[in-house]
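Reader: I'm new to this and would like to learn how to read a structure. Could you walk me through one?

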Amino acid sequence: MRLLNRSAGRLSRHRRGPLAGVVLLLLGLVLTGSLYAAFAPAQATSAESDIEQVEKGRELFLVGCAFCHGQNGEGILTQRGDTQLGPPLAGVGAAAVDFQVGTGRMPMAQPGQQAPDKAPVYSQDEIDALGAFVASLGPGPAVPDEEEYSIEGLSADEREEAIVRGGQIFLTNCTACHNFNGGGGAMPRGGYAPSLHDTDPKYIYEALLTGPQQMPNFSNGNLPPEEKRDVIAYLESLRETPEYGGFGLGGLGPVSEGLFAWLVGIGGLVGFAVWIAAHSTRSTKKKGQAA
Amino acid sequence: MSIDTSKVATSNSSAAVAKKPGRAGVVANWADERLGLGTAMKKNLRKVFPDHWSFMLGEIALWSFVVLLLSGVFLTLWFNPSMGEIHYEGSYDQLRGVAMSESMASTLDISFDVRGGLLMRQMHHWAAMLFIASMMIHLLRVFFTGAHRKPREMNWVIGCLLLILGTLEGFTGYSLPDDLLSGTGVRAADGFMKSIPVVGTYMSFFLFGGEFPGDSIIPRLYTIHILLIPGLLLALIAAHMLLLVYHKHTQWPGPGRTEQNVVGFPMLPVYAAKAGGFFFIVFGVCALMGGLMTINPVWKYGPYDPTKVTAGSQPDWYMGWPDGALRIMPGWESEFWGTTWSWNVFLPIIVLPGLMFTILLLLPFLEAWVTGDKREHHLLQRPRNAPTRTALMVSLMTFYGLMWAAGGNDIIAIKLHLSINQITYFMRAAVFIGPLIAFMITRRWCISLQRQDNEKLLHGYETGVIMRSPEGGYSERHLPIDTAKAYALTARDRDEASYVAVSTGDRDPNGLAAPAGRGSKLRGRLQTLWFADNIQKPTAAELEEAHHHAEHEAHGELEGVSADGHQFDGHHAVEGETLRGDH
C-alpha cells in the first residue's frame, strides 16, 4: 500500500508539469493507432488491394491473353467463325486461371489439339492477379485453400478410409482416361489425358472443379469436395507406396510388359542360346585347332 | 617259326575275377535288372544332336513350361478360385475394406501376405510370356530353314496346336485374379462370343452359366487353366519331342553332313549338360524378371466391376494382334430379321484369327502341294535359298506386326505424340499394303543374296587388296573361298531337282496330254511363281572354269607387296602371322 501510494505520489507530482499534456497526447495517439490497427475491419484495406490486383491482372491480361480471349475476356472466333480462337472467360473463375496458367498450359505456344503443360510463364503473384481479373468478369470457382484438398487434419483411421474411398472413386471416374496408375492415356485426334504422377494436389483439385480442355467437369454437386480430396489422397498414397513388384515399366499395362518380355526376356535368352552353342565340348582350345 | 612263350602265364593258380562294382554300378545294375533301362538308355544316351544356336529356341519354350509348372503348383496352394464376395482385410492399405471376389482377395494375399508369393506370381506371368514368345520364334526358325518339310509336317501341326493352346492357357490364366483389367478382358471375350451369328448368345450363356458375369466363370476358367489345357500341353509336348527323336534333328549342310546322317555331339554328356544348363539359365532369367520387373500389378487395378475400365486395357502381348484388328475395324453392322450382325466384332476377332491359324497349320502342305516335292529333307535350307517361302513368312510377320502395333495404338499415340485416329487410318491401309511390300522386298533381297553366294563361289571373296596395273587401272583382288565354305554353299539342290513340274498347258513335260483340271492349272501357275527368278548354284563346269581362271590370275600376279593387315581377313588360318610392323 505504501509502495503504491508512494509511486502514485511520484506520478502525481508531475501531474501539472510542463510536459504532461504533450506526453498524454502522445500516449493517447499511440494507443488509438495501435488499437485501430489491431481491430480495424480487414476488408477496408484488402478491398483497396483487390481493385489494384484486378487492375494489375487486367494489364497482364491485355498483354498476354487478350489476343485470343478478347480484351474483356469475351472470346474470339476464328475467321471462319465456326471455332473459337480463345473461349470466353466470364464465369470460368480464378481456379481455371490458376490451373491453366499455373501449369504453363496458358499462354499457349501455338494452336493445337491440346495445350501441353510446360514451365509456367507468370509468377504466382501475377497468376493471382490474372485470376482476380478473370474472376471479376463473372462468378466462378475460386482457388481452393489447402485444407480443402489435404487430409492432414484427419485421424489415422479417417485417412485410411479416405484413401480407400478415393481409390474406388478414381477407378470409377478417372482411370478410363488417366489409366489405373494415373499414367495418362490417349484421347481422340491427338488429345491425351496427361500423367498425374507429378501433378500438384492443388491443380488436381482445380482440374476436377473446372474441367480443363477435354476433361469433364466434376462440379461440387457431382463430386463433393471431400470426395475430390479423397481422390487426391489416393493418388498421393500411390506416390508414397513403393513399387512392390520391382521396376514399374512405365505403369502402362500389358503393352510395356510385352515389350520387356520380348526385349529383355527373349532377347536375353536367345543371347544365352548363342553363347551356349558357341562353346564346344573342349574346355580349352588348342592352338591351331578350329573350334 | 617259333613262338615267344615267355609272356604266357605258366600257371593258372588264380581265376580271373570281375572287379567289385562301385556303389553307382550296384544301383544301376539293380535298376537295370528290374526296369530294363540299360537297353533303352544305351541308344538314347548316345543319340547325336547337331549344334547351332537356333536349334535351342524350342528349348526355351520347354524350360519356361517347366518353370510354369513349378510356379503354378505353388500358386494353386493359396489361390481360391471363387467368385464369392468378401471384404478384403489384407496388408494392402489402399484396398482394405473393399468388396471383391475371393479369387481377387486370394491373389492379393499371394502378393502381399504369402512369403515369396509375389515373386512366384510374377515369375509365373513372365514365364508365360516367354513360353509363347519362344514358341513363336521357334516356329519362325523352323519355317525359315525349311525344317517343316517332309517328314516333319505333323510335328509342325503339333507345334501350331501347342501355340494356340498356349495362347488359350495364357488367357484363362490372366483372367483368374478377377481384377479390373482381366475382368475387362473376360467381358470382351463374352462380347466376342456373342458376335457369332445365331449361336453366339447360346455359347456365352453356356460358358458363363447364365448372363455375364454370373459366378461360375472363374472356377470354370480355373479348371481349364490348371487341368484341361496343361494336360493337353503335356501330351502334345511329349508327342512333339518323341517325333523329334524319331525323325532325328535336322542339320545345316556342310562337309560330311548328308540327308542320311546327323553330325553333332551325343546326348550324354554334351547335350545333357548344355540342355540342363540352359534350363537353369531360363529359370534364372524368369526369376530375375519376376524379382525385378512388375507384371500385372492387380493391386493397382482393383477388383473387377463392370462399371469401371482403365485406359491401356490391353490383353497380354500374344492376344494383341486380334485386339489390333478389332481396333482398326470400321464399325460395320447389319440388321437381318430383327437381329444385329456385328461384323465389326465378328470378322476381326473370330474369323480372322481362325483364318490365320488355318493358314499357319496348312503352310507345309500348301508348300508341298505347290512345289510337288515329296522327298524327305533332313538338311536345312538357308532362308535365301527359298526366296518365295521366306518372303511369304516375312509378309505374314508384317501383317502380324502391324496388327500388333494397332493393338497398342493408344500407347503409341501418347508416347510418340500422334493422333490415335491417324494411326487407325494408317493401319487400315498398311495391314493390306505392308505385307505386299514386305513380300516383294524380301524376295528380291533373297535373290540378291543367292547371286552374291554365286559370286563368292565363282570369283572368290573380296580381299580388300587393291591392285594397280601398269596402265594405271585399279582392280580389287579376289581369292577363292575355302573348300568347306564352298561345300556348304553348294550343298543345295537346283530348283529343277526339287519339284515335280506340273503341266501348265496341254502337254506335260513328257509331251503327253496332261489330265489338267482347273486345280492343276492353278498349281502350275503358282509353281512357276514360286521358283521364278531364283538363282541356281553354278554348275560343275562353271566352277571348274572359274578355278582355272583364278589359277591363271594367281600365276599372272603382279610383283609387289600387298598392304599389311590383309592376312587377317577371316578367310585364312592366321597361326604365326604377324603384322610386318612387329618384326
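Author: Happy to. Start with contacts: two residues are in contact if their C-beta atoms, placed from the backbone, lie within 7 Å. In chain B, take the contacts between residues at least 6 apart in sequence: 72% of them join residues at least 24 apart.

Reader: Where do these coordinates and labels come from?

Author: This is a predicted model, in which local features need pLDDT of at least 70, side-chain atom pairs count only at pLDDT 80 or more, and totals for chains, interfaces and linings use all residues. Residues are numbered from 1 along each chain as its sequence is written, while chains are lettered from A and ligands numbered from 1 in the order in which they are written.

Reader: What pLDDT does chain B average?

Author: pLDDT is the predictor's confidence in each residue, from 0 to 100. Chain B averages 89, and 89% of its residues score at least 70. For the complex, the predictor gives an ipTM of 0.87 and a pTM of 0.86.

Reader: How many helices and strands does chain B have?

Author: Those are DSSP runs numbered from the N terminus: helices are H or I, at least four residues, and strands are E, at least two. Chain B has 19 helices and 8 strands.

Reader: Which helix gives the largest share of the side of chain B that touches chain A?

Author: That's α10(B), with 10 residues. The contact takes 61 residues from chain B and 53 from chain A.

Reader: And what is a nonpolar core?

Author: It's a set of buried Ala, Val, Leu, Ile, Met, Phe, Trp, Tyr and Cys residues joined through C-beta atoms within 7 Å. A residue is buried if 20 or more other C-beta atoms lie within 10 Å of its own, exposed if 12 or fewer, and partly exposed in between, with C-beta atoms placed from the backbone. The largest core here has 93 residues, of which Leu130(A), Val134(A), Ile204(A) and Met403(B) touch the most other members. Helix α6 (residues 124–135) of chain A gives the most to this core, 7 residues.

Reader: Why does this core lie between domain 1 and domain 2 of chain A?

Author: Domain bounds come from an automatic or database domain assignment. Domain 1 (49–135) and domain 2 (146–240) of chain A both give residues to the core, so it lies between them. The C-alpha centres of these two domains of chain A lie 24 Å apart.

Reader: What does Leu130(A) touch?

Author: Leaving out residues up to four places away in sequence, its contacts include Gly57(A), Leu60(A) and Phe61(A).
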